[in-house]
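I opened my notebook to go through this structure one spot at a time. Come along and look with me.

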Amino acid sequence: MTERVDDRPRAPREPFERTWAALAKIGDRGAEGYHRFAWTPVDLALRGWFQNQAQLRGMSCERDRNGNLWAWWGRPGPGAVVTGSHLDSVPGGGAFDGPLGVVSAFLAVDLLRARGVEPARPIAVVDFADEEGARFGVACVGSRLLTGSLDPEQARGLRDAGGVTLAEAMRGAAADPAAIGRDEQALERVGAFVELHVEQGRGLAGLGAPVGVASAIWPHGRWRYAFHGAADHAGTTRLADRRDPALPFAATVLAAREAARRHGGLATFGRARIEPGATNAVPSRVDAWLDARAPDTATLTAIVDGVTAAARAAAAEHRVRVEVAAESVTPPVEFGGELRDRIRGVLGEVPVLATGAGHDAGVLAAHVPSAMLFVRNPTGVSHSPAEHAETGDCLAGVAALAAVLADLACR
Ligand code: HGY
Ligand code: MN
Ligand code: MN
Ligand code: MN
């Protein structure tokens, strides 16, 4: 595939590498990847990095009632052009998912300033809190609370694996959980939101392009399957006498793969908890979480219904009770309209790609004009320490983002 020449001036390499290096150390467990979870000491270190980046640029920095950080070039006010992403990760995550969007935003500001650009509207760099939902189970907490698409009471009660609630975790970080909820003032300021993100897939690699524009986010969600059986001795309980919840769980994992294959979507059980977790006991309970995604809502529903039917049948077969609950469901997002066309006008003929990955831009899109830029990921691997993007492509992403911000903030 011939490399598509992107003749836009590249961003300088050294500032990118310097900014990146300071951030990359935080929450890095080497071969185990990144562990950056909401309201933990690592999160506070990430927030410290963000505030320092803002300070270095003379940008005012504020934390909104939901824990999102905003760095302002110009007085915060309506019609702002907002860019950024998130700094948290999944357990064992990669370096780029989230941070690339925040680092690129700061460096795009540098590039505009170096060119003497004087925006006619405020520009803000944002770090959305808890996008991955790795600690409390719900994705995009900061942007969902900001837009009023997550109930504050429900959010306060979310618990992590150790039983700590989001409210307790926020208090532990000197944030006030009583204040969380829709933030009209913050939302009114956002004239447009553009999120740059490493592509979580191989679309751009296959097209030989360093940068692309998002067309849509697939509908997707998270469902909890709780299998209730009966604890018993692993060494004395006959097979016929067992009510082992691990068996319907295992059948449901295989059924999810089959449902996704049959309907043309994706289904993953990436997280499960077997209790009491004794090697020599038949478990009493298995909690498992399904992540399902599909090109359209009907297909997503067909997959989840298929998985649920299989779970119920397998539970009945093993005299186990199963409860199924949706934990967060995201409708399809179209990044269409005037903003995407305007961005393509600025960037020229760059590829337009859909994605199955959720993003804060997907949450904001229902409330303010939103768009996404993707940067090539050579292998497409993400949510893994192996996630990667070449520095040259990252610099092309910064240059593209700077061109888009200049167009949106100066016209
Ligand atoms: O799960 C997702 O799709 C996103 O990476 N948070
Ligand atoms: Mn992610
Ligand atoms: Mn992300
Ligand atoms: Mn995301």
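**Entry 1: Arg 47**

I began with Arg 47, which is buried because its relative accessible area is 6%, and buried means under 20%. The model I am looking at is a predicted one. I found Arg 47 in helix 2, which covers residues 41-56. Next I listed what Arg 47 touches, skipping residues up to four places away in sequence: Trp 39, Arg 63, Gly 67, Leu 69 and Ala 129. I also checked Arg 47 against His 367, and their C-alpha atoms are separated by 26 Å, with the two positions 320 residues apart along the chain.

**Entry 2: the manganese ion (ligand 3)**

Which residues coordinate the manganese ion (ligand 3)? I noted His 86 and His 197, each through NE2, and Asp 97 through OD, at 2.0 to 2.2 Å. Written along the sequence, the donor spacing reads H-x10-D-x99-H. I looked up where the two histidines sit: His 86 is in strand 3 (residues 80-86) and His 197 is in strand 5 (residues 190-198), so this pair ties together parts that are 111 residues apart in sequence. Both His 86 and His 197 are buried.

**Entry 3: the manganese ion (ligand 2)**

Here I met Asp 97 again, since Asp 97 bridges the manganese ion (ligand 2) and the manganese ion (ligand 3), which lie 3.5 Å apart. The manganese ion (ligand 2) is coordinated by Asp 97 (OD), Glu 132 (OE) and His 383 (NE2), at 2.0 to 2.1 Å. I wrote the spacing of these donors down as D-x34-E-x250-H. Glu 132 and His 383 link distant parts of the chain, 251 residues apart: Glu 132 is in the loop between strand 4 and helix 4, and His 383 is in the loop between strand 15 (370-375) and helix 13.

Are these two buried or exposed? Glu 132 counts as buried, at 7% relative accessibility. His 383 is partly exposed, with a relative accessible area of 38%.

**Entry 4: the manganese ion (ligand 4)**

I then moved to the manganese ion (ligand 4), which is coordinated by Glu 131 (OE) and Gly 358 (O), at 1.9 to 2.2 Å. The manganese ion (ligand 4) and the manganese ion (ligand 2) are separated by 4.1 Å. Glu 131 lies in the loop between strand 4 (123-128) and helix 4 (141-147), and Gly 358 in the loop between strand 14 (352-355) and helix 12 (360-364), so the pair ties together parts that are 227 residues apart in sequence. Glu 131 is buried, with a relative accessible area of 4%.

**Entry 5: positions from the UniProt record**

Where does UniProt place the feature "binding site"? The record, an unreviewed entry, gives Arg 222, Asn 280 and Arg 293. I compared these positions: they are spread over 72 residues of sequence, and in space their C-alpha atoms are up to 36.3 Å apart. From this set, Arg 222 and Arg 293 are in the lining of the largest pocket.

I looked at Arg 222 in more detail. Arg 222 belongs to strand 7 (residues 220-228). Leaving aside neighbours within four places in sequence, the contacts of Arg 222 include Glu 132, Gly 133, Leu 290 and Ser 328. A polar atom of the Arg 222 side chain lies 3.0 Å from the backbone oxygen of Glu 132, and Glu 132 is also a donor to the manganese ion (ligand 2).

Asn 280 came next, in the loop between strand 9 (266-275) and strand 10 (281-282). I marked Asn 280 as exposed because its relative accessible area is 52%. Not counting residues up to four places away in sequence, Asn 280 touches Asp 232, His 233 and Ala 234.

**Entry 6: the nonpolar cores**

Last, I turned to the inside. In soluble globular proteins, nonpolar side chains tend to be buried together. The largest nonpolar core has 58 residues, and Phe 16, Trp 49, Phe 50, Leu 100, Phe 106, Ile 343 and Leu 373 touch the most other members. Helix 13 (residues 391-410) supplies the largest share of this core, twelve residues. I also noted a second, separate core of 24 residues, with Trp 72, Val 126, Phe 193 and Phe 374 among them.

I picked Phe 16 for a closer look. Leaving aside neighbours within four places in sequence, Phe 16 is in contact with Leu 100, Val 103, Leu 107, Thr 391, Cys 394, Leu 395 and Val 398.

Conventions: Residues are numbered from 1 along each chain as its sequence is written. Chains are lettered from A and ligands numbered from 1 in the order in which they are written. This is a predicted model: local features need pLDDT of at least 70, side-chain atom pairs count only at pLDDT 80 or more; totals for chains, interfaces and linings use all residues. Side-chain values use heavy atoms; hydrogens and water are left out. A nonpolar core is a set of buried Ala, Val, Leu, Ile, Met, Phe, Trp, Tyr and Cys residues joined through side-chain atoms within 4.5 Å. Buried means under 20% relative accessible area, exposed over 50%, partly exposed in between (1.4 Å probe, protein chains only). Helices (H or I, at least four residues) and strands (E, at least two) are DSSP runs, numbered from the N terminus. Contact means heavy atoms within 4.5 Å. Donors are N, O and S atoms within 2.8 Å of the metal (3.2 Å for Na, K and Ca); water is not among the atoms, so sites may look incomplete. UniProt positions are given in the numbering used here, feature names are shortened, and annotations may be inferred rather than shown by experiment. On a 1 Å grid over the protein atoms alone, a cavity is a set of points where a 1.4 Å probe fits but cannot get out, and a pocket is an open set with protein on both sides within 12 Å along at least five of seven lines; lining residues have an atom within 4 Å of a point. A polar contact is a pair of N or O atoms within 3.5 Å; within protein, one must be able to donate a hydrogen and the other to accept it, and residues adjacent in sequence count only if both atoms are side-chain atoms.
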